[in-house]
Amino acid sequence: MKKHLLTAAFAALLLTPTFQASAVDLKHKGFECSTCHAKGFTAPDRSTCLTCHKSDDIVKATERFNFTTSFTNPVTGETKTSIAPVNPHDNFHFGRDDQCVNCHKEHKPSTTTCQTCHDIEPWGLKAPR
Ligand code: HEC
Ligand code: HEC
Ligand code: HEC
Ligand code: HEC
C-alpha cells in the first residue's frame, strides 16, 4: 500500500511539468516555448520580441494615436498647435524604449500601462493583443 502511494506521488511529480506546459495559453499559436524563453520561464526582454517585430513597423502602426492640440491666444489671435505623443510604441515618457511585456502579455489578457495614471479613453487606446 505504502509503495503504491509513493509510486503515485512520483508519477504526479513527473507529470506536473508536462501538464503545465500544455495548459499554458498562447497568443502566438504553435510557437515553441523556447522562442521566447531561451533563458528560462521569465518575462522575455524586448530584444526577444524585436527579433521578429521591427521597431519602425510597430511605431508606424500606432502613430495614429498621437493627436494634435491647438491653443488660440484670445488677445493676439495667434494659434499654436502641438502634438501629444501618446503612441504606445514611441511616446513622451519612454520614447521607443518601453518593455513590451509591460502591456503585451502572452498567457493572460494584455493591459495598457498608461491608464494607471491617465484617462486614456479620449486617446482611444485600448488593451492590445
Ligand atoms: C519568432 C518570431 C516572433 C517573436 C519572438 C515574437 N513574435 Fe509576435 N508575432 C510573430 C508573428 C509571426 C505574428 C503573427 C502570427 C500570430 O499572430 O501568431 C505575431 C503577432 C504578434 C502580435 C499581434 C499582431 C497583430 O497584428 O495584431 C503582437 C501584439 C505581438 N506579436 C507581440 C509580440 C511580443 C510583445 C513579443 C515578445 C514577448 C513577440 N510578439 C515575440 C512573430 C514573433
Ligand atoms: C504602453 C503599452 C505598449 C507597449 C509598452 C508596447 N505596445 Fe505594442 N501595442 C500596444 C497597443 C495599445 C497596440 C494596439 C493598437 C491598436 O489598436 O492598433 C499595440 C500593437 C502592437 C502590434 C500590432 C501592430 C499592428 O500592426 O497593428 C505589435 C506587433 C506590437 N504592438 C508589438 C510590440 C512590441 C514588440 C513591443 C516592445 C518593443 C510593444 N508592442 C510595446 C501597446 C503597447
Ligand atoms: C511569443 C512569446 C512567448 C512564447 C512563445 C511563450 N511565452 Fe511564456 N511568457 C511570455 C511573456 C510575454 C510572459 C510574461 C507574462 C505573460 O505574458 O503572461 C511569459 C511568462 C511565462 C511564465 C511565467 C509566468 C509568470 O507569471 O511570470 C511561464 C511559466 C511561461 N511563460 C511558460 C511558457 C510555456 C510553457 C510556453 C510554451 C508552451 C511559453 N511560455 C511560450 C512570452 C511567451
Ligand atoms: C506613473 C504615472 C504615469 C504613467 C504610467 C504614464 N504617465 Fe504620462 N504623465 C504622467 C505625469 C505625472 C505627467 C505630467 C508630468 C510630466 O511632464 O512628466 C505625464 C505627462 C504625459 C504627457 C505629456 C502631456 C503634455 O504636457 O504635453 C504625455 C503625452 C503622456 N504623459 C503620455 C503617456 C503615455 C502614452 C503613457 C503610457 C505609455 C503614459 N503617459 C504613462 C504620469 C504617467
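**How many residues surround ligand 2, and which are the closest?**

Solution. This is a predicted model, in which local features need pLDDT of at least 70 and side-chain atom pairs count only at pLDDT 80 or more, while totals for chains, interfaces and linings use all residues. Residues are numbered from 1 along each chain as its sequence is written, chains are lettered from A and ligands numbered from 1 in the order in which they are written, and side-chain values use heavy atoms, with hydrogens and water left out.

Step 1. Apply the criterion: a residue is near a molecule if one of its heavy atoms lies within 4 Å of it. Ligand 2 has 19 residues around it, and the closest are Arg64, His89, Cys100, Cys103 and His104.

Step 2. Sort the shell by residue type. Ala, Val, Leu, Ile, Met, Phe, Trp, Tyr, Cys and Pro count as nonpolar, Asp, Glu, Lys and Arg as charged, and the others, Gly among them, as polar. The shell of ligand 2 then has ten nonpolar, six polar and three charged residues.

Step 3. Look for polar contacts, that is, pairs of N or O atoms within 3.5 Å; within protein, one must be able to donate a hydrogen and the other to accept it, and residues adjacent in sequence count only if both atoms are side-chain atoms. Arg64 places a polar side-chain atom 2.8 Å from an oxygen atom of ligand 2.

**Which residues coordinate the iron atom of ligand 2, and where do they lie in the chain?**

Solution. Step 1. Donors are N, O and S atoms within 2.8 Å of the metal (3.2 Å for Na, K and Ca); water is not among the atoms, so sites may look incomplete. For the iron atom of ligand 2, the coordinating residues are His89 and His104, each through NE2, at 2.0 Å.

Step 2. Locate the pair. Both His89 and His104 lie in the segment after strand S2 (79-84), so the pair ties together parts that are 15 residues apart in sequence. Helices (H or I, at least four residues) and strands (E, at least two) are DSSP runs, numbered from the N terminus.

Step 3. Check the geometry. Six donors count as octahedral if opposite donors are over 155 degrees apart and all others between 65 and 115. The iron site of ligand 2, with angles of 88 to 179° among its six donor atoms, is octahedral.

Step 4. Follow His89 further. Its side chain makes a polar contact of 2.8 Å with that of Thr62. Thr62 sits in the loop between helix H4 (55-61) and strand S1 (67-72).

Step 5. Assign exposure: buried means under 20% relative accessible area, exposed over 50%, partly exposed in between (1.4 Å probe, protein chains only). Thr62 is buried because its relative accessibility is 11%, and His104 is partly exposed because its value is 33%.

**Which residues are the protein donors of the iron atom of ligand 3, and how far apart in the chain are they?**

Solution. Step 1. The donors are NE2 of His37 and NE2 of His107, lying 2.0 Å from the iron.

Step 2. His37 is in the loop between helix H2 (33-36) and helix H3 (46-49), and His107 is in the segment after S2, 70 residues apart.

Step 3. Angles of 87 to 180° among the six donor atoms make this site octahedral.

Step 4. His37, at 17% relative accessibility, is buried, whereas His107, at 39%, is partly exposed.

**Which histidines coordinate the iron atom of ligand 1, and which residue contacts an oxygen atom of that ligand?**

Solution. Step 1. The histidines are His28 and His53, each through NE2, at 2.0 Å. His28 lies in the loop between helix H1 (2-23) and H2, and His53 in the loop between H3 and H4, so the pair ties together parts that are 25 residues apart in sequence.

Step 2. The site is octahedral, with angles of 86 to 179° among its six donor atoms.

Step 3. His28 is partly exposed at 24%, and His53 is partly exposed at 43%.

Step 4. The oxygen contact comes from Arg129, with a polar side-chain atom at 2.6 Å. The shell of ligand 1 has five nonpolar, six polar and one charged residue; Cys49, Cys52 and Cys100 are among its members.

**How many disulfides does the model contain?**

Solution. Step 1. The test is a pair of cysteine sulfur atoms within 2.5 Å. The count is zero.

Step 2. Compare the exposure of two cysteines. Cys49, beside ligand 1, is partly exposed at 23%. Cys117, beside ligand 4, is exposed at 70%.

Definitions and conventions: Tetrahedral: all angles 85-135°; square planar, octahedral: opposite > 155°, others 65-115°.
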